[in-house]
Amino acid sequence: MSDQKRLFLVDAYALIFRGYYAFIKNPRINSKGEDTSAIMGFMNSLLDVIKRERPDHLAVCFDKGGSADRVELFEAYKANRDETPEGIKTAVPYIYEILKAMHIPIMVKEGFEADDVIGTLAKKAEKEGYQTFMVTPDKDFAQLVSENIFMYRPVFGGGYETWGIPEVQKKFEVTDPLQVIDYLGMMGDASDNIPGLPGVGDKTAKKFLAAYGSMENLFANTHELKGKMKEKIEANQELGLLSKKLATIMLDVPVEFNEKDFEMSEPDIPKVTAIFQELEFRRLIDNFNKTFSAEARETATAMQTSNKAEAPKTTPKDIKSAGEGQFSLFGGSEPSATETASEHTRQTAATYSHFYQSVAPGMATKLFVKNLMNQTSVCFDTETTGLNPLTAELVGIAFSWEVGKGFYIPFPEDKAEAQALIEVLRPFFEDENIQKIGQNLKYDIKVLAKYNISVKGKLFDTMLAHYLINPDMRHNMDILAETYLNYTPISITELIGKKGKNQLSMREIPLEKQTEYAVEDADITLQLKEHFEKELGEANTQKLFDEIEIPLVRVLAAMELEGINLDVPFLNALADDLNKDIETLVTKIYDVAGEEFNIASPKQLGIILFEKLKLVDKPKKTKTGQYKTGEDILSALAKEHEIVRDILEYRGLAKLKSTYVDALPLQVEEATGRVHTDYMQTVAATGRLSSNNPNLQNIPIRTERGRQVRKAFIPRNEDYTLLAADYSQIELRIIAALSEEETMIEAFKNGEDIHASTASKVFNVPIEAVTREQRSNAKTVNFGIIYGVSAFGLSNQTDLSRGEAKELIDTYYETYPKLKAYISKQVDFARDNGYVSTILGRRRYLKDINSRNALVRGAAERNAVNAPIQGSAADIIKIAMINIFNKLDAGNYKSKMLLQVHDELVFDIYKPELEELTTLIKTEMENAFKMEVPLDVEVDTGLNWLEAH
DNA sequence: CACATGTGCAA
DNA sequence: TATTGCACATGTG
């Protein structure tokens, strides 16, 4: 490494915004209710840079008052950027304070953007013989890169990349970094409001630069272009040159580079600590102290000068002492039983002493298992060759039962050997008395099931725990570690690379790194468990966790492994039919339109319909300026225009074909010949499940053509039949019971058709005299109530005018007065407590319930009404699933539960068991939860899913 | 290749 | 200006 002096210039707002949005799903809120995400994000980045690079010169640059020059150039410049979020505005004064306490220079120049300040300083420092690193994710800075000026870019998933001249050349396909300005000028930048040349994106800009080298030269040679592109470029030269000016970072800001002003000096540790304490950044204080402790500096400096990106080496003393403690666990076995041991300080995170070790094959493993069996509670994490448990092979399993310590058992590639190894571990996994802790245990359970291991004993899943603590947040382990432990674990991307052809398999990773990664995950999961256990108790959701979500894990794992049989030849025949009809429609549409275009492109379709054919006077537009061509819009025009009818039919058929008929056969698993969906237990904020790869919860049923797809879901063989069991009107029954609305409760108790009954009451006609239209309108209101409908929304959904809709809603509330009271009660509760709950105490927090923004508040109020209803229905069917699964299991039935579709369960029933199970299923579902309103379940069977309805 | 948008399927 | 989801095609970055 050269001894050139190094200057780091930090683009403050870019990192603040980045930090703020990194926490957007799990914002950091302190006890005073302040959103400290932006400060936390920024400080993490700053400390990270300091720790990694130990800059000798550093400054943080801010904007002030925007750039008068640029605004003058182009009035729209940065005009329609979203307003700066509140959480960022409040963060800035704190950040100033912290930087001052850290004795880090702050660069601001009124009327100039940080870009320009950084650019000017970088160039000046270069003349003084410095190497400058611009710390920013913003690619605009690439234009400044030179032999001595670099971009130091944080990358998602942790780490940094340095862009020098070669990187910029490669990224932008240019020879000179200055051409980045031409690139940006041509392509434009939506976030900076640089318009760019119309119709020119990344690809075209690169092509032009390769051919012409600059925008000016492109304009001088437009005669070489052709078609639309030629016209557009020639017509927009002025706009292009303006864009180029906007994209140019100015280098003439009146700032001086006096090197001693930029020297790093000792921070005022007590002062910084005090501010962090005020903000409640406990972990950050540790991080800060470690960053600036004398020892940390020495290690880092040593590392930096040796130019090693690797983690610093351990002192031999640490390994020895940690090692001795561990080895004694093996009853004094030889240290040679271990292959690797590591103890290091990771740079991206708060550091703590830890001891991770992989266990050598043979005797060491047996000794390890012996020790494992002495524990009452163990966290484990499987590492596999892929994400599909049906095909993934075990690469290793990490274990941890004490914070900071853990072990890794690598698995051999040979199948027989791997099976032999897992047999050694079987006593642990199948021990009823050892609690198993993990993150997303459903995955591990499925993987182990393929090795014929069933995971027994009490479970604690940190992902599920956090889902109950706050379902609106995200629950992946990296985010949880950052939020609750202020620790950034090794990211999987860092380990195996981004997905694509260069991504490595876990098996290709050196054992030391596998160990570090896997055991760290187990260790962190263990720490998270200790954290969440308390929180579950505080929110009174322990019971929901232990009795619903946790038992459901095994149920879902079994359903997913089971899969469902799909009639592929039938779907292929359906595809042929669809193709013929689609072709006919396409020909007809092109004929009327007078040209060929992409009907599936809303953009092109809008232009044909509303510019060429001028079907309406004032077409509606989307927020991005496109014509609206949604189903509702087109349906209104269908009566008068045959082409619109054809387009609607085309859309329907094309959708059917691409999403279901063509896609489903591709999802048949080779290993089983069946389709295996993946149920997500922690996605829906209300407590529902969701389904993906493929989504089997949105298979068509409403249109004749669509419901044919259901015929493709068939029993496993002729000895079986499909059975579908549906809750009838479960959500309305729940709202009737929760609101204690007697009129509605009576209707359900009498087994009335609830929509007809409602119509009869609100339109004041005998139930036999209710018209189809009246029932339909009543049905719409009934559903609307569950979602928190407005008169406007109702009139949109029906043929009613806004006035009629309002009247209908008023009459509805007169008919069911307690419903109205219940709705108000929910909203009030949410205002007072900040959350609402389901019948089983599942919470949803509504942070916007007291928002001053009526739109935002309204949405929260609707959630306050809807979440307990939708969520309680989810609670109930989950109970039913667990009970049914346990009975099928205990009774050794051949029949299997296959699918859940929110209020429906689908089973593959062994014919001899049909009668018995029909009763069992119906009984379990109807009695899953007792309410004032009876639950009613309709059961039907058939040769396929459609017939079973 | 990743992401946003528009559209549309289900409960 | 109705709740919760997932996925497809297109178009862009």
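**Close-up 1. Tyr-21 in helix 1 and the nonpolar patch around it.** In this predicted model, Tyr-21 has its place in helix 1, which covers residues 12-22. Tyr-21 counts as partly exposed, because its relative accessible area is 41% and that value falls between the limits of 20% for buried and 50% for exposed residues. Together with Phe-17 and Ile-24, Tyr-21 forms a nonpolar patch on the surface, and the accessible area of these three residues together is about 270 Å².

**Close-up 2. Arg-6 in strand 1 and its contact with Glu-53.** Arg-6 belongs to strand 1, which is made of residues 6-11. The relative accessibility of Arg-6 is 6%, so this residue counts as buried, the limit for that class being under 20%. The side chain of Arg-6 reaches the backbone oxygen of Glu-53 at a distance of 2.7 Å.

**Close-up 3. The protein surface near DNA strand B.** There are 22 residues around DNA strand B, and those that come nearest are Thr-624, Thr-629, Glu-631, Ile-701 and Asp-903. By class, the residues of this surface are six nonpolar, seven polar and nine charged, and helix 28 (residues 642-661) provides the largest share, with three residues. Of the strand B atoms within 4 Å of the protein, 79% are part of sugar or phosphate, while the rest belong to bases.

**Close-up 4. Individual polar contacts with DNA strand B.** An N or O atom in the side chain of Thr-629 is 2.4 Å from a phosphate oxygen of DNA strand B, and a polar side-chain atom of Arg-651 lies 2.9 Å from a phosphate oxygen of this strand. For Asp-903, the partner of a side-chain N or O atom is a sugar or linking oxygen of DNA strand B, at 2.7 Å.

**Close-up 5. The protein surface near DNA strand C.** Around DNA strand C there are 31 residues, of which Asn-598, Ala-685, Ser-690, Gly-784 and Val-789 come nearest. This surface has eight nonpolar, 18 polar and five charged residues. Several elements each supply at least two of its residues, among them helix 26 (602-612), strand 17 (690-692) and helix 34 (772-787), but helix 38 gives the most, with four residues. Of the strand C atoms within 4 Å of the protein, 68% belong to sugar or phosphate and the rest to bases.

**Close-up 6. Backbone and side-chain contacts with DNA strand C.** A polar backbone atom of Ala-685 is 2.7 Å from a phosphate oxygen of DNA strand C, and a backbone N or O atom of Val-683 lies 3.2 Å from a phosphate oxygen of this strand. In the case of Asn-695, an N or O atom of the side chain is 2.8 Å from a sugar or linking oxygen of DNA strand C.

Technical notes
Residues are numbered from 1 along each chain as its sequence is written. Chains are lettered from A and ligands numbered from 1 in the order in which they are written. This is a predicted model: local features need pLDDT of at least 70, side-chain atom pairs count only at pLDDT 80 or more; totals for chains, interfaces and linings use all residues. Side-chain values use heavy atoms; hydrogens and water are left out. A residue is near a molecule or strand if one of its heavy atoms lies within 4 Å of it. A polar contact is a pair of N or O atoms within 3.5 Å; within protein, one must be able to donate a hydrogen and the other to accept it, and residues adjacent in sequence count only if both atoms are side-chain atoms. Ala, Val, Leu, Ile, Met, Phe, Trp, Tyr, Cys and Pro count as nonpolar, Asp, Glu, Lys and Arg as charged, and the others, Gly among them, as polar. Buried means under 20% relative accessible area, exposed over 50%, partly exposed in between (1.4 Å probe, protein chains only). Patches are made of residues with over 30% relative accessible area and no salt bridge: like charges are joined within 9 Å, nonpolar side chains (Val, Leu, Ile, Met, Phe, Trp, Tyr) within 5 Å. Accessible areas come from the Shrake-Rupley method with a 1.4 Å probe; for residues, only the protein chains shown count as cover. A salt bridge is a side-chain nitrogen of Lys or Arg within 4 Å of a carboxyl oxygen of Asp or Glu.
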